[in-house]
Amino acid sequence: STSYISHNYISRHHLSDSDVSEAGDIYTGQYLRVLKNYTWGFTVKAHSDNTCHISFRSLPGSTNVRELAVNMKIGGGHDRAAGGILNSTDPKKAIEEIKKFLRQHKPLVS
């Protein structure tokens, strides 16, 4: 499960990086973990510095998202909550980069 907030949406609604981070954190904390039939996921938040901030979350017994972020060399965190930064200006491209990595590297389960 993935989601993102586009640069276009951010510009159109005059959102600050803080607004985008808060929205992403609310989505990640309140919604992402309760999706039925999905044990892990991530959000992608475009920032004004032309990076995309990634927030990974997972349930026990599923993907170790800390290992995923570390193995991608984008960040780190905890086994169930991790994150990182991609040098990408387009959230869709960031999602594709993560998917490409996942096709080539099976994530660890813990």
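## A tour starting at asparagine 64

Select asparagine 64 to begin: it sits in the loop that runs between β3 (52-58) and α3 (65-71). Keep in mind as you look around that this is a predicted model.

Is asparagine 64 buried or exposed? Switch on a surface to look: its relative accessibility is 5%, so asparagine 64 counts as buried, the cut-off for buried being under 20%.

Next, add aspartate 79 to your selection and show side chains. The side chains of asparagine 64 and aspartate 79 are joined by a polar contact of 3.3 Å.

Now widen the selection around the loop residue. Leaving aside residues up to four places away in sequence, asparagine 64 touches Asp79, Arg80, Leu108, Val109 and Ser110.

Time to zoom out and colour the protein chain by secondary structure. You should find four helices and five strands, arranged along the sequence as β-α-α-β-β-α-β-β-α. The protein chain is as compact as a globular protein of its length, because its radius of gyration of 13 Å is close to the 13 Å that the globule rule gives for 110 residues. Turn the C-alpha trace along its principal axes and it spans about 40 × 25 × 20 Å.

With contacts displayed, consider pairs of residues at least 6 apart in sequence: 54% of these contacts join residues at least 24 apart.

Colour by burial next, and 36% of the 110 residues count as buried. The accessible surface of the protein chain comes to about 6500 Å², with 51% belonging to carbon and sulfur atoms.

Last stop, the charges: select the 14 positive and 10 negative side chains, whose two sets have centres 9 Å apart.

Terms used:
Residues are numbered from 1 along each chain as its sequence is written. This is a predicted model: local features need pLDDT of at least 70, side-chain atom pairs count only at pLDDT 80 or more; totals for chains, interfaces and linings use all residues. Side-chain values use heavy atoms; hydrogens and water are left out. Helices (H or I, at least four residues) and strands (E, at least two) are DSSP runs, numbered from the N terminus. Buried means under 20% relative accessible area, exposed over 50%, partly exposed in between (1.4 Å probe, protein chains only). A polar contact is a pair of N or O atoms within 3.5 Å; within protein, one must be able to donate a hydrogen and the other to accept it, and residues adjacent in sequence count only if both atoms are side-chain atoms. Contact means heavy atoms within 4.5 Å. The radius of gyration is taken over C-alpha atoms; the globule rule is 2.2 Å times the number of residues to the power 0.38. Accessible areas come from the Shrake-Rupley method with a 1.4 Å probe; for residues, only the protein chains shown count as cover. Lys and Arg count as positive and Asp and Glu as negative; His and the chain ends are not counted. The place of a charge is taken as NZ of Lys, CZ of Arg, CG of Asp or CD of Glu.
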